[in-house]
Amino acid sequence: MAETQSAHSIAYTRAPFSTWLGIVCLFVLFGLIVLAVIGPSPRTSDYEETRAKKRMEKLKALHEETQKDLTTYAWVDKNKGVARIPIDRAMEVTVADLAQKKPAPAGPIATPAVQAAPAGASPAAPAAPQGAAVSSSPAEAAAKAGPPSALAASPSPATQQSPPAPASPAPATTP
């Protein structure tokens with residue numbers, strides 16, 4: 001059994017000191033070469049200055065282009081008859097157009113009509129999509145919701161409506 005254990009073990013030997021010394025010398029030599037190449041080069045900010053000049057030129061060109069777009073007439077699409085006008089003229093035209101129009105009161109918001117359930121529908125199916133109909137009074141909403149719960153307190157004064165006026169009888173006609 002001793003023969004099988006010795007056959008499977010691998011013997012490791014330590015690297016001699018000269019190998020480690022050689023590796024360190026290679027790193028030092030590489031560092032000296034890098035220092036010799038980079039060291040004498042001038043360290044100026046010329047690169048950053050040229051980048052800054054290019055950025056300023058691009059910004060100036062963009063500013064001039066946008067000023068030209070805002071202050072001149074030009075065709076955007078001649079086939080469709082779309083033109084660009086100066087922004088000052090566009091504001092004058094818009095103000096004059098809005099001054100001629102009279103404001104109209106907003107109309108009521110239309111709600112979709114409640115749809116009747118089809119004949120073959122099950123009783124558990126809702127008659128209309130959720131949120132399709134809006135009640136006009138809190139009483140109708142309470143009647144549709146079912147019995148009041150503990151969470152449903154009395155409606156706020158802002159949402160309460162006055163009771164409907166009683167219908168007046170038709171005027172009597174005399175013969």
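## A walk along a predicted chain

Starting at the N terminus, the elements of the protein chain follow the order α-α-α-β-β-α-α. That gives 5 helices and 2 strands. Please keep in mind as you look around that this is a predicted model.

Let us begin with confidence, since it tells you where to look. The mean pLDDT of the protein chain is 74, and 59% of its residues reach 70 or more. Over residues 128-136 the pLDDT is below 50, and this stretch has 9 contacts in the model beyond near neighbours in sequence. Residues 147-161 also stay under 50 in pLDDT, and here the model has 5 contacts beyond four places in sequence. Where pLDDT is low, the predicted coordinates should not be read in detail. So, with that caution in mind, treat the contacts of residues 128-136 and of residues 147-161 as something not to be read in detail.

Now for the chain as a whole. Buried residues account for 2% of the 175 residues in the protein chain. To count as buried, a residue must have under 20% relative accessible area. The accessible surface of the protein chain comes to about 16,700 Å², and 65% of that surface belongs to carbon and sulfur atoms. The contacts add another view: among those between residues at least 6 apart in sequence, 6% join residues at least 24 apart.

With the overall picture in place, we can move along the chain, beginning with helix 2. This helix covers residues 17-38, and L29 lies in it. L29 is also one of the residues that make a nonpolar surface patch of about 690 Å²; its partners there are L26, F30, I33, V34, V37 and I38. Is L29 buried, exposed or partly exposed? Its relative accessibility is 47%, so L29 counts as partly exposed.

Helix 3 comes next, spanning residues 46-71. Here you can find a salt bridge between the side chains of R51 and E48, with 3.5 Å from N to O. Why do these two side chains sit on neighbouring turns of the helix? R51 and E48 are 3 residues apart in helix 3, so about one helical turn separates them. Both ends of this pair are partly exposed: R51 has a relative accessible area of 37%, and E48 has one of 41%.

Further along helix 3 you reach K68. This lysine is exposed, with a relative accessible area of 51%. The cut-off for exposed is over 50%, so K68 counts as exposed at its 51%. K68 and P86 are 18 residues apart in sequence, and their C-alpha atoms are 9.0 Å apart in space.

The two strands follow. Strand 1 takes in residues 74-77 and strand 2 residues 82-84; the two run antiparallel and are joined by 3 bridges. One of the pairings links D77 to V82, its bridge partner in strand 2. Together the strands form a hairpin with 4 residues between them, and G81 in the turn has a positive phi of about 80°. As a general point, side chains in a regular strand alternate between the two faces of the sheet.

Helix 4 covers residues 87-100, and R89 and E92 are 3 residues apart in it, so they are separated by about one helical turn. Their side chains meet in a salt bridge, again given from N to O, at 3.5 Å. R89 is partly exposed, with a relative accessible area of 40%, and E92 is partly exposed too, at 49%.

One more charged pair is worth finding. The side chains of D97 and K101 meet in a salt bridge with an N to O distance of 4.0 Å. How exposed is each partner? D97 is partly exposed, with a relative accessible area of 37%, whereas K101 counts as exposed at 53% relative accessibility. In total, the count of salt bridges comes to 4, and those described here include R51 with E48, R89 with E92 and D97 with K101.

Note on methods. Residues numbered from 1 in each chain as written. Heavy atoms only, no water. Pairing = 2+ DSSP bridges. Buried < 20%, exposed > 50% of the residue type's maximum accessible area, 1.4 Å probe, protein only. Contact = heavy atoms within 4.5 Å. Areas by Shrake-Rupley, 256 points an atom, 1.4 Å probe, with all protein chains shown as cover. Patch = residues over 30% accessible without salt bridge, like charges linked within 9 Å, V, L, I, M, F, W, Y side chains within 5 Å. pLDDT = per-residue confidence, 0-100.
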